[in-house]
Amino acid sequence: MVLLQPDPFLNELTSMFERSTETGSVWVTLKRSSLKSKVQRNKLKTTQQPIEYRCLIRATNGKKTISTSVGAKDHQRFQASYATILKAHMTALKKRERKDRKKAAEDKKESGSKKPKRA
């Protein structure tokens, strides 16, 4: 796994999405991380020092894995760029089939009247 800076990560993520347009998938995971071991975090807790948590973002296409770490200061800018990339590459999603509300209401009424009444 390669830990990249946020901008190269976004560039590589874009190329991953472009390579997987015909076949394949890209999985992106986000989680909170302090990038410190449990022992180091416990030492910071005992000395009453605040732990700075960051957002760890990982992306994989099954063969290649990339990751980056984003702090609280850069989070808004990164999130805006990430959202733009996702919107641009979500072209293979199927549109949701919407039922006409009037037809759905009529179908409910008809199915309700067909049921036999209990005595």
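**Note on the aromatic rings**

1. Tyr82 has a relative accessible area of 9% and therefore counts as buried, since the cut-off for that word is under 20%. This value, like the others in this note, is computed from a predicted model, and should be read with that in mind.

2. Two aromatic pairs are found in the structure. In one of them, Phe9 and Phe78 have ring centres 6.2 Å apart and planes at 35° to each other, an arrangement classed as tilted. This pair joins distant parts of the chain, because Phe9 belongs to helix H1 (residues 6-19) while Phe78 belongs to helix H3 (residues 75-89), with their positions 69 residues apart in the numbering.

3. Are the two rings of this tilted pair buried or exposed? Phe9 has a relative accessibility of 0% and is buried, and Phe78, at 2%, is buried as well.

4. Phe78 also pairs with Tyr82, and here the rings are stacked, with 6.2 Å from centre to centre and an angle of 5° between the planes. Both residues lie in helix H3, and because they are four residues apart, about one helical turn separates Phe78 from Tyr82.

5. Taken together, Phe9, Phe78 and Tyr82 make up one aromatic cluster, in which Phe78 takes part in the tilted pair with Phe9 and in the stacked pair with Tyr82.

6. A further contact involves a charge and a ring: the charged end of Arg32 is placed over the ring of Tyr53, at 3.9 Å from the ring centre.

Notes: Residues numbered from 1 in each chain as written. Predicted model: local features only at pLDDT ≥ 70, side-chain atom pairs only at ≥ 80, totals over all residues. Heavy atoms only, no water. Phe/Tyr/Trp six-rings, centres within 6.5 Å; stacked < 30°, edge-to-face > 60°. Helix = DSSP H or I, 4+ residues; strand = E, 2+ residues; numbered from the N terminus. Buried < 20%, exposed > 50% of the residue type's maximum accessible area, 1.4 Å probe, protein only. Lys NZ or Arg CZ within 6 Å of the ring centre and 35° of its normal.
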